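I set out here, in order, what I looked up in this structure. The entries move from whole chains to single residues.

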Amino acid sequence: MGGPSGPPFSVSARRLGAGTAGVNAHAPGTDRGVPSPPLERAGQAVPVRLAAALVANDFTRPAALHRAARPRRAEEKFWNRQRVAWFGPDTVGPDTARPQLALDLSSLNARHEERFLMTKLTVNGQSHTLALDPRTTLLDALRDHLDLTGTKKGCDHGQCGACTVLVNGTRVNSCLCLAAMHDEDEITTIEGLGSPDSLNALQAAFVEKDGYQCGYCTPGQIMSATALFDELKAGHPSYVSPDLDHAEMTDAEIAERMSGNLCRCSAYPLIREAIAMAAEVKS
Amino acid sequence: MKPFDYQRAHSLADASGRMGDAASIIAGGTNLLDLMKIQVMTPSRVIDISRLSGMDRIEPHGDGLRIGALVTNTTLATDARIRAGWPVLSRAILAGASAQIRNKATTGGNLLQRTRCPYFYDTAMACNKRAPGTGCSAQGGSGRMLALFGTSDDCLAAHPSDMAVGLAVLGAEVEIRASSGDTRTLPVTQLYTLPGNRPDIETGLEKGDIITAVILPAPRIGTRQTYRKVRDRASYAFALVSVAAVLKMDGDTIAEAALAFGGVAPRPWTDAAVNGLLTGKRPEPATFERAAAHLVPDTAPHPETAFKRPLLRRTLIATLREASGLAGQVDTARNAPSGAPQ
């Protein structure tokens, strides 16, 4: 199911400690757009070693790292396949056969960067400008580029609702949004509602009513319910509204309007109670 | 996702000019991105029309309305004019997807969404729609979501849209802009082509064509409208069978009847003969049975779709009882899945 939708190299760069929240790891103007690899951390574990292989090869490196960065044959084949998948067959040239360097990314990085889109997102009132691969979903931009991991990736296909955020006040599945299409938009995530010290009414109601078990779907449930209040207030009917011109906060209405948020622990009755409780607190 | 070039169109002409074999228009993206992630669709160029101005408006058009192709499902379903004059359209849209998806999905995109046949979605399986000439894995496979009408040996898939069924029953038309800049309109039901031996071709749209709007005819004053959807779970599931009905009563006879069916064909299905069997008749069980007997085919194209025959018959009869007032008072919420007719 859904392959990597973010830029494949940003993760590697971030694992090496180069990326920080809100800072684009590939800012134009830096050395080939690739942050300096902290050499002392290279070679620790396989992902880091592979990451080093990906980002380090434009740099002068000690021989030890050079060896550490040399993928095994199976890994080499894997990355070559990935390279074809990401960048097209014409990028596999004679250099791929070089035994000590499975990946020469200098030209690939340049090609990759050409595709980057500068995207301005205002998230929870704070504005960020990111250089993003066009494939980056809003969900991945929030989680992997802004470190706002409150928004969860469940199915990544719009079926579960764990990734629900507000875009300009309306709820959407952030996994089904290209970040670049939301340039200049205002995003609200679970981090923008309340804090652990000061929960908002919905968050407090979920705690009070125990509206979860594992908690993974909870941020999506709460973002979705936040929008539900606004939609009811605006008089939006739902499929179960007996009359298209009148909708009330009933249990059936809450169930229907929250059907885009799945809870595999099946805490549904308590989720509905929490939403009803928060609605009372609000009114 | 496969890499692609993202391009923002500056105008319809610009978008049209950028289209090509490997290009795809994106507006809401709720279906396209889903399919791109699993590489069922792999456009090398994605043309964003979501920022084109003026296409997200619902405007008066004669006695009817012109709905811009970028109007979201939520905006359309909750529009006060639609709720009052074309309630079956509101009901049909609200029966589909989730609130999150309806906020993003557009009118044009909804019409052009792809089938949810599991074999279309699974790139390891043969599918004539996804990869022409490879065969149809649904033949001999699992068939619960397949169509009853309009299928061929090469494709058994059903069109998933609820909105399109609501538009079909209202006689709505699709406005299409050709790459030449000329505009033409087609009834919604004629937008789609039946699969035949080319299931990969789903509409009569040509290269460079863009759906710019949907046009609703004048409201049918005095009609009772309802949309009934039967599915595997109470909400957020595609239709096994759905029935949209617009009935006008004159005393104790049916003066006008229009029906459209979802979940049962590669396009919103209509049958003028069934409408004719109801017109001028009393709304009684025998009338409804005759209409259902005419509609429901004698055999199903797939053994696992056979259950849809009695399901369609019963859903049609229940919908007619409701729309003609025979069902009595509609009680609340969960027990009245299609709500009160208006």
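**Entry 1. A pair of helices in chain B**

I note at the outset that the model is predicted. I began with the crossing of α12(B) and α13(B), which I found to be right-handed. Helix α12 of chain B covers residues 285–295 and helix α13 of chain B covers residues 308–324; their axes come within 9 Å and cross at roughly 140°.

Which residues make the contact? From α12(B) I listed Phe288(B), Glu289(B), Ala291(B), Ala292(B) and Leu295(B). From α13(B) I listed Leu312(B), Arg313(B), Leu316(B), Ile317(B), Leu320(B), Arg321(B) and Ser324(B). Sorted by class, the contact of α12(B) with α13(B) holds eight nonpolar, one polar and three charged residues.

**Entry 2. The two chains**

I then turned to the chains as wholes. Chain A has 283 residues, of which 53% count as buried. I recorded ten helices and five strands in its secondary structure. For contacts in chain A between residues at least 6 apart in sequence, I noted that 55% join residues at least 24 apart. The area that chain A exposes is about 12,400 Å², and carbon and sulfur atoms supply 52% of it.

Chain B has 342 residues, and 57% of them count as buried. Its secondary structure has 13 helices and eleven strands. Of the contacts in chain B with a separation of 6 or more, 63% are between residues 24 or more positions apart. Chain B exposes about 12,800 Å², with 49% of it supplied by carbon and sulfur atoms.

**Entry 3. The nonpolar cores**

I next asked which residues have the most contacts inside the largest nonpolar core. They are Leu76(B), Leu89(B), Leu111(B), Leu167(B) and Leu216(B), in a core of 50 residues. Helix α9 of chain B, residues 163–169, gives the most to this core, with six residues. Apart from this core I found another, of 25 residues, which includes Val241(B), Ile254(B), Ala292(B) and Ala323(B). One of these, Ala292(B), I had already listed in the contact of α12(B) with α13(B).

I followed Leu76(B) further. Setting aside residues up to four places away in sequence, Leu76(B) touches Ile58(B), Ile67(B), Val71(B), Ile82(B), Leu89(B), Ser90(B), Ile93(B), Thr107(B) and Met163(B).

**Entry 4. Helix α6 of chain A**

Why is helix α6 of chain A described as largely enclosed by the rest of the structure? The helix covers residues 138–145, and six of its eight residues are buried, so the description follows. The buried ones are Leu138(A), Leu139(A), Asp140(A), Ala141(A), Leu142(A) and His145(A). Just after α6(A), I noted that Asp147(A) takes a positive phi of about 60°.

**Entry 5. Two further residues with positive phi**

I looked up Asp210(A), whose phi is near 60°, a positive value in a residue other than glycine. Asp210(A) lies in the loop of chain A between α7 (201–209) and α8 (218–233). Is Asp210(A) buried or partly exposed? Asp210(A) is partly exposed, with a relative accessible area of 43%.

In chain B I looked up Ala97(B), where phi is near 55°, again a positive value in a residue other than glycine. Ala97(B) is placed in the loop between α5 (87–94) and α6 (99–104) of chain B. With a relative accessible area of 26%, Ala97(B) is partly exposed.

**Entry 6. Leu70(B) and Thr74(B)**

Where is Leu70(B) placed? I found Leu70(B) in the loop between β5 (64–68) and α3 (73–78) of chain B. Its relative accessible area is 8%; because the cut-off for buried is under 20%, Leu70(B) counts as buried. Leaving aside neighbours within four places in sequence, Leu70(B) is in contact with Ala27(B), Ile49(B), Ser50(B), Leu52(B), Met55(B), Asp56(B) and Thr106(B). I also noted that the C-alpha atoms of Leu70(B) and Arg51(B) are separated by 9.0 Å, the two being 19 residues apart along the chain.

Thr74(B) lies in helix α3 of chain B. Thr74(B) is buried, with a relative accessible area of 13%. Not counting residues up to four places away in sequence, Thr74(B) touches Ala99(B), Arg102(B) and Asn103(B), together with His236(A). From Thr74(B) to Ile101(B), C-alpha to C-alpha, I recorded 8.8 Å, with their positions 27 residues apart in sequence.

Definitions and conventions
Residues numbered from 1 in each chain as written. Chains lettered and ligands numbered in written order. Predicted model: local features only at pLDDT ≥ 70, side-chain atom pairs only at ≥ 80, totals over all residues. Heavy atoms only, no water. Core = buried A, V, L, I, M, F, W, Y, C linked by side-chain atoms within 4.5 Å. Buried < 20%, exposed > 50% of the residue type's maximum accessible area, 1.4 Å probe, protein only. Helix = DSSP H or I, 4+ residues; strand = E, 2+ residues; numbered from the N terminus. Contact = heavy atoms within 4.5 Å. Axes fitted to C-alpha atoms, helices over the stretch in contact; angles between N-to-C directions. Left-handed = near helix turned anticlockwise from the far one by under 90°. Nonpolar A, V, L, I, M, F, W, Y, C, P; charged D, E, K, R; others polar. Areas by Shrake-Rupley, 256 points an atom, 1.4 Å probe, with all protein chains shown as cover.
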